[in-house]
Amino acid sequence: MGLKDVKEWLHYCGRCNSCKYIYRVYEPSCPAFEKFKWEPYTSSGKVWIARDLFEGKYELSQSICDKVFACTLCGNCTIQCQQEIGDHALDIFEALREECIEAGYTIPAHLKFRENVEELQNPYGEKHDKRWEGIDDKYFKDSAEVYFFVGCTTSLRNKTLFSNILKLLDYLGVDFTLARDEWCCGSPLLTTGQKKSAKFLAEHNTDLIAKLGAKTVITACAGCFRTLHSQYPSKYGLLTNQNHFNANKEIVEKTKDTENEKDTKNIRVLHISQYLNEIIDKKNIKIKHPKEINVTYHDPCHLGRHVGVFEEPREVLKKLKGVHLIEMPRNRDNAWCCGAGAGVKSGFKDWALEISEDRLREAMQLQKTQDINIDYMISTCPFCERNLSDARKSLIDKGELSDSSLKVIDLVELINLVLKQK
Amino acid sequence: MQDSKNLKEIKKTNITKKIIEDLEKIVGDSQWVNTDIEILMNYSMDMTEQVAPTLAEVAVMPDSTSEVSQIMKLANRFKIPVIPYAAGANVGGLTLPHEGGIIIDFKRMRRLLQIDKENKFIVVEPGFTFGDLKREFMSGGRLEGFRYSFPFAPPYTSVLTNALLNGLGSLGVKYGCANNFITGLEVVLASGEIVQIGQNAINKGKYWISREPLPDLVGIFVATQGTMGIVTKIGLHLIRQPKYTINYAILPKSADDFLRSWVHELDKLNVCDEIGCGYFPAKIAHGIIPDDDLIELMGKLAGLVRKGNWAKLLRLLGWPLLKAVTFNNPFPLIKFLASKNLLPLPEVGEDEPLMISGITITGETKNIFKAKIKAFKKFTRKQEALVIRPKEFGELAGVFNSILDLPAQLPAFYDLRGGGLTWVGSYIPHTNVADGVAKGHKILKKLGFFPVVVLRPMKQDHYFVMRFIIAFNSSDQKEIANARKAVEKVADVVLESGGTPYKMAPPIAKRIWKKADPSFYDFIAKIKDCVDPNGILNPGKLLVNGTPKNPYKLKDLTGNTGGNE
Ligand SMILES: Cc1cc2nc3c(=O)[nH]c(=O)nc-3n(C[C@H](O)[C@H](O)[C@H](O)COP(=O)(O)OP(=O)(O)OC[C@H]3O[C@@H](n4cnc5c(N)ncnc54)[C@H](O)[C@@H]3O)c2cc1C
Ligand code: SF4
Ligand code: SF4
């Protein structure tokens, strides 16, 4: 997708500035704008850059690239905008990214992703086998009802979460398998304007899913989830027919037929929170925490705003007796981004951390105003969890936060904690 | 930072690399000084698209009055134009850098500096927005229990600039335009001198309670569009939020009657804190798509009730009950009754403008509140109008809320298809509003624009706001040209109707001065020469013919010199 594909919308922003605030809540919505303050960091600023570039008023440059890539693609602005452009802004941002890459303007860390993915099929530059180190062979079957797509962050950077998920799926008696041949889902490339380079990943992973004969693919990473569930269908015509809504709140249509499509078009892709929500009820499992705890839930952008999965993680939390969910003021589609997404953590490390610090501060403020301790901030994405945990550490180091509150853990880890203490 | 090649291309004034380095020193960090083309382009045009883009050479974000003062000293020494900028949302091109120069963007000066609840004032910086203010008024905010006159503007616009621009807001009918709320100012002059104005100057900034009883120099900086000085602090009155509040929407059967007579009668009652009205696309009111079967059923029911009693019956039923008996969808019934002339609903097609008025009644005690509502109801019963409580009105509630719950978050009736938005706003004698509206409608229709008009009685109905809004497709050159034409023609209608356009864009200013007594212009020009002898502050605005010291020739909208007529 280049600017020509979105040209129809380039004149639809009236620069009313409303997207800088949460609608009717008047809290900031755009992390990039709050930090950098210059207009081109905002939604309208980027739309106008796209318009100017398309009309040839000036040319692409590294400085434009830096601004375009400082956006976390969180999509909050698109929710707050009450005009039609809101439905197309993310496409415009992505088109701008692709134009930057085409013209040779990049963020070095993002190029590194691509090299790593091309060579080792993961963005971290790790050897492929490292994904499965310490994982029992029993988890690799020739076929199963459910395929657990682990993802690079969970398998290479968060083995604790990985083993927690395996443990929980075992506890729930799920017939599932992992796949040794799993590759990066492509999210790091797709969100950094390198769609073309991600195609081989999408095709490989879809093939793999077909071979396993699984009927359901589950993933615990919001980024992998959005990619498999929404972007494979919309960008490559793979894994189509997902029961989901895109940012426009429309069901994504099957875009094209492929060879693989015959075998995979009826496969359901679910986030683990959706799967757990179903299975806990189906198996009538009762989980009770021995002592009352308070938790708050951080909506990952890729899971919430981008696909519309807001309620299932909350429903799972509500099923855990003794666990009290306390909502932050900016929740669901108004949630403040964790700051890690769309290549921001790799490209602008410090500022990604600042965004997460602000998210934690929101919860800290809640503790203050409600005079409570919030034990955990729950995430449903290992990437959010990682950035929020880094931010928590930074706030503890700065003396802003005590070690006894707001521990950042994944929903699966929370359930396992509860199970352990039973 | 942009490379020097680009900088050379846009160079117009005396800005050198050294000056840019000096600016960086003043604000302490190069990230707050910017010459990137994509940043400067952002300041080169606004949603009105009425002017060919012109580029500033550098944009700077200071953090304090002292930094603003140092920037002004530097600019004054080298005679570089300076344009103060809050959000650029004035809808009149008032922040466009016609002569290049330095943009001072106030995003970093966004503080609520002082709150005095007892004396009911606040002091804020230029970047403090209506959204920020609203948040403070909301539950748990530092200003809970107070209110202010909110414009129909989006939340990211500045409270300070709105007051300086004579903004019109929700409390206009009681208190007049927003400059009436100003209690004092801190201003940086072109020379960099810092001046305090108002009682705050006497008591070392402790009590910004009023500009009276002192010489009222606040006026120099009001409506002068940033050409006289840069205001770095403003004191503003807060109004108490009474305990009880209710909103009503009025859909008069005849908009003309409403404007000519009964809105003034309504004001006389003195029960409304807010009265706003306007012509919006009628599709808003038709809102819910009527279900044919339901209409038929309602038609049969209608035959059972005698003509004339419907309005009464509906009132008796009340909206909740009406909604219940119509399966939550009262519109088909209303439409049907109106079509049979059984209800005093305005008869307008979906594509025509419909007059809707929103009013607010408040009361500190229940008795006062009830008495006011009673008086209002007694009055409206005599009028031919549909009076409803928007809260109870299904999908319409959202639309009315965006009219009544300000700041506005660009509601649907601004329909920015194509992104272009411009307007002619004016203050006009109330005796001339209805005719002015009719003439303006005609012009807009002829030029192919839907006539959206915002109207407000101001300051106890002493005068009226009449604002024609023109939304257009900014990718269509013909529409842009038509929008320009519409602005000029409607401005002429305003002037002929005895009104004066406000927040006037330079081409409209030119028309105003042509009509004005020359002594008025000359006097302002003399003051300008005193406070800004080098003419560096926002050149090209307001004083479009320049001053004795700095003559100026207004450029054409399209970028040529020689005026736009
Ligand atoms: C959709 C829409 C609806 C609107 N509705 C209304 C309405 O109902 N009522 C109303 O009153 N307004 C309305 N406005 C106009 C406008 O948003 C506000 O009045 C606002 O105050 C001006 O916009 P701004 O804050 O972006 O200021 P800007 O446009 O940035 O600046 C306005 C003027 O103030 C000058 N200026 C900026 N900072 C300073 C300073 N520190 N010292 C001196 N001069 C300065 C600028 O140079 C310029 O001349 C509306 C605007 C939009 C887009
Ligand atoms: S993106 Fe939407 S909300 Fe933001 S400035 Fe443009 S029109 Fe307004
Ligand atoms: S996607 Fe998020 S970071 Fe990017 S402009 Fe929108 S709100 Fe800002």
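Me: In which loop of chain B does Pro213(B) lie?
Reply: Keep in mind that we're looking at a predicted model. Pro213(B) comes right after a cis peptide bond, the one from Glu212(B), with omega near 5°. As for its place in the chain, Pro213(B) lies in the loop between strand S9 (194-198) and helix H8 (218-221) of chain B.

Me: And which residue has a positive phi although it is not a glycine?
Reply: Head over to chain A, to the segment before helix H1 (31-36). The residue there has a phi of about 75°, and it's Asn17(A).

Me: How are H9(B) and H16(B) oriented to each other, roughly parallel or roughly antiparallel?
Reply: Two packed helices are described by the angle between their axes and the distance between the axes. Here H9 (residues 255-269) and H16 (residues 433-446) of chain B have axes 8 Å apart, at an angle of about 150°. Angles over 145 degrees count as roughly antiparallel. So H9(B) and H16(B) are roughly antiparallel.

Me: How many charged residues are in the contact of H9(B) with H16(B)?
Reply: From H9(B) come Asp256(B), Leu259(B) and Arg260(B), and they meet Val433(B), Ala434(B), Asp435(B) and Val437(B) in H16(B). Sort those residues and you get four nonpolar and no polar, while the charged ones number three.

Me: What area is buried between chain B and chain A?
Reply: Plenty of residues take part: 45 of chain B are in contact with 38 of chain A. Carbon and sulfur atoms give 57% of the buried area, and that area is about 3,600 Å².

Me: Which element gives the most to the side of chain B that touches chain A?
Reply: The rule finds 13 residue pairs in polar contact across this interface. Elements that give two or more residues to chain B's side include strand S1 (33-34), helix H3 (37-42) and helix H5 (130-137). With five residues, the one that gives the most is H3(B).

Me: How many salt bridges does the rule find across the interface of chain B and chain A?
Reply: Side chains of opposite charge can pair when their charged atoms come close. One such pair is Glu27(A) with Arg135(B), at 3.8 Å from N to O. The whole structure has 50 salt bridges over all chains, and across this interface the rule finds three.

Me: Which residue of chain A meets Glu38(B) in a salt bridge?
Reply: Glu38(B) sits in helix H3 of chain B, and its partner is in helix H3 (residues 62-68) of chain A, so to speak across the chains. The distance from N to O is 2.7 Å, and the partner is Lys67(A).

Note on methods: Residues numbered from 1 in each chain as written. Chains lettered and ligands numbered in written order. Predicted model: local features only at pLDDT ≥ 70, side-chain atom pairs only at ≥ 80, totals over all residues. Heavy atoms only, no water. Contact = heavy atoms within 4.5 Å. Buried area = accessible area lost by both parts, 1.4 Å probe. Salt bridge = Lys/Arg side-chain N within 4 Å of Asp/Glu carboxyl O. Polar contact = N/O pair within 3.5 Å; in protein donor to acceptor, adjacent residues only side chain to side chain. Helix = DSSP H or I, 4+ residues; strand = E, 2+ residues; numbered from the N terminus. Axes fitted to C-alpha atoms, helices over the stretch in contact; angles between N-to-C directions. Parallel < 35°, antiparallel > 145°, perpendicular 65-115°, else oblique. Nonpolar A, V, L, I, M, F, W, Y, C, P; charged D, E, K, R; others polar.
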